[in-house]
Amino acid sequence: MTILVTGAAGFIGAHVCRALLDRGDAVIGLDNYNDYYDPQIKHDRVAALCPDADIRALDLTDRDGLAALFDEVKPDRVVHLAAQAGVRYSLTHPHAYVDSNLVGFVNLLELCRHRGVQHLAYASSSSVYGDSATPPFSEDQRIDQPRSLYAATKAANELMAHTYAHLYGLRSTGLRFFTVYGPWGRPDMAPLLFSRAVLAGRPIEVFNHGKMRRDFTFIADIVAGVLGALDHPPADEPPHRVFNLGNHTPVELERFIAVIEQAAGTPAQKVYKPMQPGDMVETMADTARAKAAFGFEPATAIEAGLPRVVAWCRDYFGDQA
Ligand code: NAD
């Protein structure tokens, strides 16, 4: 099986590449190595996790380059993880989201359709649930009230994928990830921001006065879910589905920080702040649908997963934490 992984140098992408290679798939990756966060981390991540993956420097908005890549590698399946991520950044950089998440996505859909890709598994997000959903979020709750442009582009991806399934029979699966963390994680997200700051004795900003609850999900569980979904293309008509991939166990920020403090062996200096625009107070995945479809069962509590992040930060950033 030849699998194209977009966003292959990203946090989730590099871990997915590793898992696909380990089970014997041929993996071609693409990534534009953008500077949303330090691109050196992306290069180091690839060197550490999947140096044996063939990853091309390519932007999804480069239609000719993308078409040439499809013609060359003829992927059977596509795992689409490239996107402009981040809720807060979407308040200040709206066009990055339109370019990568909308224009890039339709470029990919067109090629999957015209080049006979058997199944497209793509990243959506828990942020699509927005204002109207109540935890635990199940896939049939409304997603038409997003709280940020980022969330709006992810909800739009689901509509676009549904349309291509309906019109052209393109099989696709949307995966709503819930706050993913782990070694080689994203430096813009709380697990790494907090771990680095606590290790270095810097203050951390605790939004909504610590009263936020997040369904933090460990990377190994997410990778298992991505592969499970990829291996089970939808058979329904139209052939498009969405799944929550989360931990089903929301954790209050204060408890999350306490686990980091314990792993770091030093107390956090907390600076309490109000709720940020675009943020959600609580996320919690109902994972029954993914369990029924491909046996998804997250297995990692934060007490097991977070110390691995702290250890990784200590190792990777050292004195620069
Ligand atoms: P990431 O930023 O580490 O990885 C995304 C990668 O895509 C980056 O390496 C980036 O360089 C690349 N990229 C961005 N725009 C591109 C473009 N136009 N062309 C080619 N490459 C491009 O983020 P991640 O955490 O690994 O997220 C992977 C996917 O999962 C994203 O779609 C993200 O929106 C989604 N997601 C992540 C989380 C999470 O908690 N990490 C939660 C919900 C959804």
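User: When do two strands pair, and in what order do the seven strands of the open sheet stand?
Analyst: Two strands pair if DSSP finds at least two bridges between them. This model is predicted. Its seven strands form an open sheet, and the pairing is parallel. The order is β3-β2-β1-β4-β5-β6-β11.

User: Why is one side of β3 and of β11 left without a neighbour in the sheet?
Analyst: β3 covers 54-57 and β11 covers 240-245. Both stand at the edges, so one side of each has no neighbour in the sheet. The reason is that each has a single partner strand.

User: What does the twist average from one strand to the next?
Analyst: The twist is taken from one strand to the next and averaged. The value is 20 degrees.

User: Which residue of β4 is the bridge partner of L4?
Analyst: Strand β1 holds residues 2-6 and strand β4 holds residues 77-80. The two run parallel, joined by four bridges. In β4, L4 has as its bridge partner V78.

User: At about what angle to β5 does helix α6 run?
Analyst: Helix α6 takes in residues 149-168. This helix lies across β5 (119-125), β6 (172-177) and β11. Its angle to β5 is about 155 degrees.

User: How far apart are the end C-alpha atoms of α6?
Analyst: α6 has 20 residues. At 1.5 Å a residue, they should span 28 Å. The model agrees with that: the end C-alpha atoms are apart by 28 Å.

User: Which residue follows α6?
Analyst: The residue after α6 has a positive phi. That phi is near 70 degrees. The residue is G169.

User: Which element gives the largest share of the shell around the ligand?
Analyst: There are 28 residues around the ligand, and G7, G10, F11, A83 and A123 come nearest. By class, the shell has 13 nonpolar, eleven polar and four charged residues. At least two residues each come from α1, β2, α5 (94-114) and β5. The largest share, three residues, is from α1.

User: What distance separates the centres of domain 1 and domain 2?
Analyst: Domain 1 is 2-178 + 218-245, and domain 2 is 181-215 + 249-284 + 300-320. Their centres are taken over C-alpha atoms. The separation is 25 Å.

User: Which element supplies the largest share of the side of domain 1 that touches domain 2?
Analyst: The contact takes 24 residues from domain 1 and 19 residues from domain 2. On the domain 1 side, α1, α2 (39-49) and α8 (219-230) give two or more residues each. The largest share is four residues, from α2.

Definitions and conventions: Residues are numbered from 1 along each chain as its sequence is written. This is a predicted model: local features need pLDDT of at least 70, side-chain atom pairs count only at pLDDT 80 or more; totals for chains, interfaces and linings use all residues. Axes are lines fitted to C-alpha atoms, for helices over the stretch in contact, and angles run from 0 to 180 degrees between N-to-C directions. Two residues are in contact if their C-beta atoms, placed from the backbone, lie within 7 Å. The expected span of a helix is 1.5 Å times one less than its number of residues. A residue is near a molecule or strand if its C-beta atom, placed from the backbone, lies within 6 Å of it. Ala, Val, Leu, Ile, Met, Phe, Trp, Tyr, Cys and Pro count as nonpolar, Asp, Glu, Lys and Arg as charged, and the others, Gly among them, as polar. Domain bounds come from an automatic or database domain assignment.
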